[in-house]
Structure formats: C-alpha cells, structure tokens
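Student: I'd like to go through this structure with you, one question at a time. Could you show me the sequence and the model?

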Amino acid sequence: MAIALLSEELKDRIRAAYAAVIEKKSLTPRWGQRQMIAEIANTLARIPLPGETPAERSNAEPAVCVIEAGTGTGKTIAYSVTAIPMAQALGKRLVVATATVALQEQFVHKDLPDIKRHSELDFSYALAKGRRRYVCLSKLDRLLADGQGDNSVLPLYPDEFELPQAAEAMPIYHSMIDALGRGEWDGDRDNWPATVPEQVWLGATTDHSQCSGRRCPNISQCSFYKAREELTHADVIVANHDLTLSDLALGGGAILPEPEDCIYVFDEGHHLPDKALSHFASFCRIHTTVAWLQDSGKILAQGAATLAPLSGIAHYLKQLPEQLENAADSLKVAEQAVASLFDDAEPNRRDETQLRFEHGLVPESLIPLAATLAGQFQSLVNNLSRIEKSLEDSLEDEFAGVDKGDLETWHLNIGGMLGRAEATLALWQAYAVTGKGEQPPMARWITLLDSNGQHGFELRCSPILAADILQEYLWPRAAGVIITSATITALNSFERFILHSGVSREARFKIVASPFDYSRAVFSVPAMDCEPGDAEAHSAAMIEQLPNLLNREEASLVLFSSRRQMLEVYQGLPAQWREEILMQGDGSKQEILRLHRERVDGGDGSVIFGLASFAEGVDLPGKYCRHVVIAKIPFAVPDSPIEASLAEWIEARGGNPFMEISVPDAALRLVQASGRLLRTEQDTGRVTLMDRRIITRRYGRAILDSLPPFKRELH
C-alpha cells in the first residue's frame, strides 16, 4: 500500500523548488521533467514513515522506480528537486550514484551547487570515494621510514602491478607527506596536482582489509576518514556505482550509511547489473598465488619473532608457515589438473586461451582438489582473522610490548594477506561443488595466461545475471531506489532490465520521451549488395561508399563493432581521406575528442573512427557532429564466458538466446549509438546504418521500430 507522505506542504515545496530553478536559470519547463517529478514523488511516497512496524513495511509496495528519460529531459534537476526534500521529510539520506568518477565530480562540483543556489532548497552534500582514492598515511610513513620502497610491507596483489622503483617513487612520497603536513593537499588522488603512476599510487594506498580503522594511530589525520566524517552530516551523498556496490558487498554501512537509511538514485542506471556482476565475481591466478603464498611465508619468517610478546597469537602464528606451504603445494597439484583439462578439451569447447565449462558444471577431477583448497584457505582465513583482531587490539594497548611502527607494518601485512586469502577462498568454494541444480548457473572458466614465454592459468567464476545479487543486497534493504538513464528499455520494453537486475515487477516503470524534435534528423540505410555476414564484401562496400556519404567540411563520427574492420576500412580509403580521420587507438579518447573539436573550431571538417566506447557517453553537440555512421547493427561478439553461459542457460530452458538476449542488447546499443547525433534541441543531422538487415530481417524491423522517430530514408 502507498503511504500518505505527500502532504500538500511537501508537494508545494517540490513545485516551488522546480519553478525557482527554471526561472532563475532561464530554462524552458519540460513536460518530461514534470513526468519524472511526479513518478519519483509517487514512488518515494511508498516509503513507510518513521515508527512504522516491520509488518507494515512488508505490506508496502516497493519504493522503486525505473525511468527511461530521453536525452535532453533534464534528469538531474528532476530527481534532485524531488528526492532531496522527500528524503529530508522521511529522515533518510539521498545517495546519488553516477556511472563514473568524472560524472560524480561534475555532479558535486557543478550540478548540486547550481541546484542549491537556484532552488531555494536548504541541504548539505558531500562527495564519497573509496579508500583507494586516498593516500594511507600509515603506509606512507612506512615507505619513507624504510627509504627504499619498504620491502617489509607485502603488496596485496603483487602480480597485478610492478612494484615502483625507489628512484621514481620516493620523491613523490616525500612531496605527498610534505603537502599533507602543510595542509596543501587532502590526500585525495584526484586533487594531487600531477599524474601519479599507477604502481606508485598503489604502493601508498590501501583497502578495507589492510585498514585498521579507528585503531590506527594516524586516524585523526587519515584522509579517508576525514572525508568519510563529512558523509555523516550530509543530506546528499554523491558516490558512483562501483563505490555503492562495494559498500553493499561489504554488507552496507561500511562507507555509506546503512541501506535502510538511504534513498538511492542510480544515474546511468542501465550499467547497474553489469557493475554488480563485477563486484561478485571471483578469480585465482594459480602461479602468482603460489608465489604470493611463498612471499608471505618469507615475510613471516623474517619478522615473526617481533610479534612474540603479543599474548594469544603465538599459537596461530606458529601454524601459518605450514598452512601457507600446504596451500601452495595443493595449488601446484591443481595446476597440473587444470593443465590436463585444458589439453584434453575438445576444440569446440575452448579457443586457444580459454576453456569454459558448459552449464557451469565443474569437472569431477577438479572438485576434490578444489574442496581441499577451499578447506585450506578457510583455515588460513580463520587464523589470519584471529591474528588481525589481536593486532588491532594491540594498536590501542600502550603496553603491548611491540613497537607501534612494527605493529602497523604487521597489521598491513596480515590484513593484506587476509583480504587475498578471502578472495581466493571464494573462488575455490565455487569450484568445490558440482554446479548441478544452480538456477541460473554460475559461469566458470579457465584462461591460459602467457607471460614471458611461461604459461599459467587463471580460474574465474561469476554469476551470469545480477538479479539474485541485487535481490539480496539492494532491492529489499534500501529505503527507496530510483533508476534512471536515457537508455534502459530494449525493443520498447523493460523486460531486459528486469531479467538482468531482478527488480520487482511491482516497481514503477516509466518512459519519458526526449524533448528533441527527431524530425530534424534523418535515419538512413543506403543501398548495398551485401550484408555484414560477408565481412570482406561489407568492408569493401564501406570503403567505396564512405567518401560519398561523408561531407569533408562537416564533423562526422563513424562507429565500428570490430577493430579489425575499422583498420581495414581506414587502410582502404584514399590517402586524402585518411589525413582527416582521427582513429581510436592513435591517442587517448580525450585527446581524440580535443583534436576533433579543435579542427571543427578552426573551420575544418573532421572524422572520428571509433569503437563501442565512442558509442556511449560522448557529447559532441551542434557543429561537432552532423553525421553518425554505424557500420552494422551492434550485436555483441559472443566471446564473453558470462554471455555464452547466459545464452546456454536460456537455450536449455527452451528459450531463444538470439531473440531474448542478442536482439534486445543490439537494439539498446543502436539507440545509444544513434544518440550521439542530437545532443541539443537545435541539433540536426543524419544517422546512417550500413546494415540492410534492419530492413530485410524480421528482428531488424523490431529494432528499427525501437529507434527514436527520425525521418527515414530506407533504400
């Protein structure tokens, strides 16, 4: 049942805030914004008022809405002027999660101050980032105390990055500590005035497993905790999808407030399911995990005597070397079994570098080995947890009998070991079962790694849908959730998003049309005597037609589904055309866009050749893009083990993976690619799709009908 929260006073407050923003910013009121405001207000009115019983809460409809708001709607204003006063009225915190850190900073530094200034709403806000965006003062102290890169601190994932050279790292670390001491830097990586090499930064930051939290001697100066302290008083917390999902994966309340106290807005919310999958996948690189266990053993052997005075952990410390050695030995045995599986696999079950297990079923020969490893890593995790707890307690004990600096170093080491052991445990637990009866199944696969001529194996496991994850961690726990994006539906339906996200069908769903006049643009399919299935002929046709399709005096964006075809077409074009093309890979995305705008500002034409990353999130309004050429319907290449496993599951249930997954996904991507053309209400231009399947195939017609209402020229 809906809760009668929407008093006339609150409605008036929302209306007044919206009217004030529109008037003071000299904007035109948009019907789409009003639709969004009403939808969000009615959704959040479902949230029970403070003091209601759990029984009353369980009878309420979910306070969740999914809104597709076309480009130009003005989503940010609509959800801000509605959700902020409603969250305040309910005593909840508003968490706005953007898709990227860049969008997060734009929202907190530009959009929110603007809305606060013009709306006459009184609210506070703060920016939330994860620990890895902040320097760890304890680590920095250890690094500088050693002077050579601090070999006494064991990196969390040494196989994922090269350790920095002292000659490169130490001057940066000294500059950082000096800037912190002078109050000229807040420890935020994004606020450091220069670019910090990745390996240098990773050496000076930490994650939750290595952080001793309130017990850390540097807690009062900790950059992360200072920033987090601001969150406790803010009405609006600006996060990103990754940080929000990381917090939920840790149980909620680790960085952000408890989910029950939060109303979440996921902007660019179509990314949410895929982002969730990445946070709940597990992996183990066998060879480098063996090396990490051996390195951990050496570190323990070098300094275990230092911790001898600590009471209660001697027994556990004594067990660690044998546990580490046994786990390493078992991994070596497992590596041989994995190599055998890889070699014996039928060619149609693997390519040169990957072996995927059909229906997620674990081979019988691997299950007992995985069970042994799961047991060993569970024991290791238990031991490390006890030691870590003792070290945390000792950091507060003035009479611990161990130097505080040594305690900090050992807490970093043990915490790092615990974090990695837990991650590895999750992988082997996922392989210690048959996988039978999982609905949907997990995707499980092995990748052959080749580094410096040496082979290694990486085992991975991932859910194939985020539905179960979000049904456990988000939908039932959050006070309210608003999902919004310009592209959520596929084939004019929310079914794709419901399948992947698990959002309740009792949630509110709304499509808000873009205010743009799509009749100002043309969607064209030129005459061609081939289809993309004949790759060679299709590339040849593009090489022949592009010089006639493109205007050399205009700005154009040409989007390809494969790098191979992009290079083939580029190399096949006349030299005078190649000089005008900026191709993805020849520079960073930002640099290509900068050069493109520079050429157009200079009165010249410019053509960008790009792949999928240029088909979404690229904003080239007005003269910066008059023509978008799309090589073919953007069907995903089925090379992802997760996508292949999902298709396999759907087929096993009697479904049609092509129609249920491939076509809706392609339709959504085509809408996104076409959306690069019209970015303001004044824009005009043309979208050309060089793929006649959109006319000749039945599924093509369904995709065509899901596009915005452009004028059509179908030859």
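**Salt bridges and more**

Tutor: Let's start with a count: there are 32 salt bridges here, where a salt bridge is a side-chain nitrogen of Lys or Arg within 4 Å of a carboxyl oxygen of Asp or Glu. This is a predicted model, where local features need pLDDT of at least 70, side-chain atom pairs count only at pLDDT 80 or more, and totals for chains, interfaces and linings use all residues. Residues are numbered from 1 along each chain as its sequence is written, and side-chain values use heavy atoms, with hydrogens and water left out.

Student: Which side chain meets R46 in a salt bridge?

Tutor: General idea to begin with: side chains of opposite charge can pair when their charged atoms come close. For R46, the N to O distance in the salt bridge is 3.4 Å, and the partner is E61.

Student: How many residues apart are R46 and E61, and where do they sit?

Tutor: R46 is in the loop between α2 (31-44) and α3 (54-58). E61 is in the loop between α3 and β1. Helices (H or I, at least four residues) and strands (E, at least two) are DSSP runs, numbered from the N terminus. The pair links distant parts of the chain, and the separation is 15 residues.

Student: Is R46 buried or exposed?

Tutor: Here's the rule: buried means under 20% relative accessible area, exposed over 50%, and partly exposed in between (1.4 Å probe, protein chains only). E61 has 32% relative accessibility, so E61 counts as partly exposed. R46 has a relative accessible area of 6%, so R46 is buried.

Student: What is the N to O distance between D190 and K129?

Tutor: D190 is partly exposed, with a relative accessible area of 29%. K129, on the other hand, is buried, at 4%. Their side chains meet in a salt bridge, and the N to O distance is 2.6 Å.

Student: Why does the salt bridge of D190 and K129 tie together separate parts of the sequence?

Tutor: The salt bridge joins the side chains of D190 and K129. D190 lies in the loop between α7 (166-181) and α8 (198-203), while K129 lies in the loop between β3 (125-127) and α6 (137-146), so the parts tied together are apart in sequence by 61 residues.

Student: Which residues are linked with K129 and D190 in a network of salt bridges?

Tutor: We've just seen K129 and D190 meet in a salt bridge. Linked with them in the network are E105, R133 and D188.

Student: Which residue does R189 meet in a salt bridge?

Tutor: R189 is buried, with a relative accessible area of 18%. Its partner is partly exposed, at 43%. The N to O distance is 3.0 Å, and the partner is E198.

Student: Which side chain of opposite charge is nearest to D111?

Tutor: D111 is found in helix α5 (residues 101-119). D111 is buried yet has no salt bridge. For charges, Lys and Arg count as positive and Asp and Glu as negative, while His and the chain ends are not counted. The nearest side chain of opposite charge is 4.0 Å away, and that's K110.

Student: Leaving aside neighbours within four places in sequence, which residues is D111 in contact with?

Tutor: Contact means heavy atoms within 4.5 Å. With those neighbours set aside, D111 is in contact with T76 and Q106.

Student: How many disulfides does the structure hold?

Tutor: A disulfide is a covalent bond between the sulfur atoms of two cysteines. The cut-off here is a pair of cysteine sulfur atoms within 2.5 Å. By that rule, the number of disulfides is 0.

Student: Which cysteine sulfur is nearest to C222?

Tutor: C222 counts as buried, at 17% relative accessibility. C222 is in no disulfide. The nearest cysteine sulfur is 6.1 Å away and belongs to C211.

Student: How many residues of strand β1 are buried?

Tutor: Strand β1 covers residues 64-69. V64, V66 and E68 are buried on one side, and C65, I67 and A69 are buried on the other. So by the under-20% rule, the buried count in β1 is 6 of 6.

Student: Which residue in β10 stands opposite V66?

Tutor: Two strands pair if DSSP finds at least two bridges between them. β1 and β10 (residues 480-485) run parallel and are joined by 5 bridges. Opposite V66 stands I483.

Student: And in β11, what is the bridge partner of A69?

Tutor: β11 (residues 508-512) runs parallel to β1, with 5 bridges joining them. The partner of A69 is V512.
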